[in-house]
Amino acid sequence: MKTILSFPIQFLLLLSLVAATISPAHADVTLPRLLSDGAILQRDKPLTIWGWADEGEQVTVSFAGQQQTTTAQAGKWQVTFPARKAGGPYELTVSGKNTLTRKDILLGDVWIAAGQSNMELPLRRVRYQYPGLIESTRLPQVREFNVPVAYAFKGPLADYTQGEWKTATPDNLASFSAVGFFFAQQLHRATHVPIALVTLPVGGSPAEAWMSEPALKTYPHYLEKLQPFKNDAHVQATIATDKANNDKWYSDLNAADIGLQKGWSQAELATDSWNTVQVPGFFKEQGSDFTNGSLWVRKEFVLTAPQAEKAGMLWLGSIVDGDQVFVNGQAVGQTGYQYPPRIYPVPAGVLTAGKNTIAIRITSYTANAGFVKDKRYALVLDEALPTTETIPLQGEWKYQIAANAPAMKPTTTLHYVPASLFNAKLAPALPLQIKGVIWYQGESNVERADAQGVHRQPGGQCAEESCAVSTSEYRYLFADLIRDWRVQFKQGDVPFLFVQLANFLPAKPEPVESKWAELREAQRQTLALKNTAMAVAIDVGEWNDIHPLNKQSVGERLALSALKVAYGKKRLLASGPVLQKVARKGNKLELSFADTGKGLRVRGGGDLKQIAIAGADKRFVWAKAEVKKQKLVVWADGVSQPKWVRYAWADNPEGANLYNSAGLPASPFEASVLD
């Protein structure tokens, strides 16, 4: 039986095939991959065309009826045409010792989409959330250039090794960034010009991986992490060690797995001696001492003869960590890590009249095996037809431990190393003129706290205590990332729009400290930078999934921000209520907000939730609140001298219900009265 590798180790091994540096060959005139057929280039800005050629070679570039000639210097050439309005298609021709032609070039707006997995997540992962969207969408003027994962340690790369422009049409859409697509779709509707996405995100990537080496000088601990990886021998040794450890862990596990040896995937198997587990649920919370290794679970269900003739779709929620699934002894799907939804097709002919069996081999390497709660667990028959039938799969399953294993040795994810993604994924796009950046990242930096006082450097972050409401390192790191990108693009304060982290993890009944809230506050504080905007997402997340399915709201909120910040619609109500001021009035705090539209709203009526206050001791208690147009008055019995106020300050601020008249949510915040 084939066993797939765990994530992110499998990704790491694939990346070992990627070269650490790229040097374009210069025998012929060449163009970067970004300037390939179907490209969209930035309208209304001087148009830069660049490439490589032999030293001293004369290069002639023709575009949209204009022509320029230049000479290659140091192996590179570049020309700049005057700005043009949106339009096309145009043809680009470059001639030197050879001639290149690129067709179907449009002029429109170019957006860089970057961050981690919630920006990376493709439309195929949410196709069941938006039925028919992929099949019915035809937007040939919305295009994406999606850059596969790559890393580089020795400096910025000149070009990409992979990537091509694709149109937002059914044959391509499944691979589009979901957030990016909804953002681009909304902008295209509003502007009627071509919209381009240069999509760069990498799942799990920390912010420091996206910063240039010069910018990391402010963060010596990250710069230090980078240095060993400039040595090729160190990189290869790291890859080899991780691969050896990974291979041994899986090899030993497979050899020890009695379920593999005794055929526990087969349709008929005596399980009277097996234990029981409730699905969904985790094994530890149900009394099992299983940690790492493999175990098998089985469930029987009965179908009628007409039901058994149908094809099915098996919905198994999310499983921690990996799974291999069999129906009546036939393999129907497998996944190597916990995050993707388990939706496996069951072909016609696999099901039988009478008793049927599902067998799942679960592989655990994070010591918390189980089935994630509040997900769908069912077999759906004839899913695409009106006669759909659903066989519930929740409830009691049988399980047996097949093999115990030691903890998997930690690995080094090379594309998380500081500067590695800036060098390999952003740097080749820097010659592009762009409209702006959309960014969804932060989950991987949640635990990086306690940096107060370390990164208050001159010429950037505020050095006053009042500016450092949050101690999260991200408060400084993220702002420096934005500054760094703007310096690198050399296009001034280009709009930088970002998503605040969504609600996640179980809700808590009382006010508590929260690193997720700290990072959201760090994101909110970053709005002090010019030409930035933030899409709040605390009402569209899922407590049990770090990859919530509602990407449409996120993309459309980013588009609203873009229309205001990048397209000049200054009167547009593009964000939820924004806290401006806190004042004490006796035993109450009065909070003033901007961007309320026709006034603050408590969604659903009733009391405002997730609002807490504290005195100087910062012992927060739930507060009462009264809305007065653009202001909020809060108080709590027993807090006679309130100083601090928090709203939606939790990993998962469930029920947070402060909105404006446009139906946009207020950001979580922490603020104080300055005595």
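## A salt-bridge network around K618

K618 and E670 join their side chains in a salt bridge, with N and O 3.4 Å apart. K618 sits in the loop between β30 (611–614) and β31 (621–622), while E670 belongs to strand β36 (residues 669–672), so the contact ties together parts that are 52 residues apart in sequence. Keep in mind that this is a predicted model.

The two ends of that bridge have rather unlike surroundings. K618 has a relative accessible area of 31%, which makes this lysine partly exposed. E670 comes in at 2% and counts as buried, because the cut-off for that label is under 20%. The pair also belongs to a wider network of salt bridges, which links E513, K618, R646 and E670.

## Other salt bridges

Counted over the structure, there are 28 salt bridges. One of them joins D595 to K564, where the closest N and O atoms are 3.7 Å apart. D595 is in the loop between β28 (588–594) and β29 (601–602), and K564 is in helix α12 (residues 551–565), so here the parts being tied together are 31 residues apart in sequence. Both ends are partly exposed: D595 has 27% relative accessibility, and K564 has 23%.

Then there's a bridge inside a helix. K248 and D252 meet through their side chains at 2.6 Å, N to O. Both are part of helix α6, four residues apart, or about one turn of the helix. K248 counts as exposed at 53% relative accessibility, whereas D252, at 40%, counts as partly exposed.

## The six-stranded sheet and helix α6

Now for the sheet that α6 packs on. Six strands make up this open sheet, in the order β11-β23-β13-β19-β16-β17, and the pairing is antiparallel. At the edges stand β11 (275–279) and β17 (330–335); each has a single partner strand, so one side of each is left without a neighbour in the sheet. Going from one strand to the next, the twist averages 30°.

Within the sheet, β13 (residues 293–303) and β23 (residues 395–404) are antiparallel partners joined by six bridges. One position to look at is S294, whose bridge partner in β23 is A403. Helix α6 (residues 232–256) packs on the sheet and touches β13, β19 (354–364) and β23. The helix direction makes about 140° with that of β19.

## A three-stranded sheet

Another open sheet has three strands, ordered β12-β20-β15 and paired in the antiparallel sense. Its edge strands are β12 (281–282) and β15 (319–320), each of which pairs on one side only. Two bridges hold β12 and β20 (residues 370–371) in antiparallel pairing. In that pairing, F282 stands opposite G370 of β20.

## β14, an enclosed strand

Strand β14 (residues 312–316) has five of its five residues buried, so the rest of the structure largely encloses this strand. In a regular strand, side chains alternate between the two faces of the sheet. For β14 both faces are covered: G312, L314 and L316 are buried on one side, and M313 and W315 are buried on the other.

β14 has antiparallel pairings with two strands that are worth tracing. With β21 (residues 377–381) the pairing runs over five bridges, and L314 stands opposite L379 there. With β18 (residues 343–346) there are four bridges, and those two strands also run antiparallel. L314 turns up again here, with Y344 as its bridge partner in β18.

## Nonpolar cores

The largest nonpolar core has 112 residues. Those with the most contacts inside this core are I49, W77, I112, W439, W485, L591 and V645. Helix α10 (residues 474–489) gives the most to the core, with nine residues.

W439 is a handy place to start exploring. Leaving aside neighbours within four places in sequence, this tryptophan is in contact with A114, G115, M119, W210, Y474, F478, L481, W485, F496, L497, F498 and V499. Apart from the largest core lies another, of 41 residues, whose members include L123, I134, V193 and I438.

Conventions. Residues are numbered from 1 along each chain as its sequence is written. This is a predicted model: local features need pLDDT of at least 70, side-chain atom pairs count only at pLDDT 80 or more; totals for chains, interfaces and linings use all residues. Side-chain values use heavy atoms; hydrogens and water are left out. Two strands pair if DSSP finds at least two bridges between them. Axes are lines fitted to C-alpha atoms, for helices over the stretch in contact, and angles run from 0 to 180 degrees between N-to-C directions. Contact means heavy atoms within 4.5 Å. A salt bridge is a side-chain nitrogen of Lys or Arg within 4 Å of a carboxyl oxygen of Asp or Glu. Buried means under 20% relative accessible area, exposed over 50%, partly exposed in between (1.4 Å probe, protein chains only). A nonpolar core is a set of buried Ala, Val, Leu, Ile, Met, Phe, Trp, Tyr and Cys residues joined through side-chain atoms within 4.5 Å.
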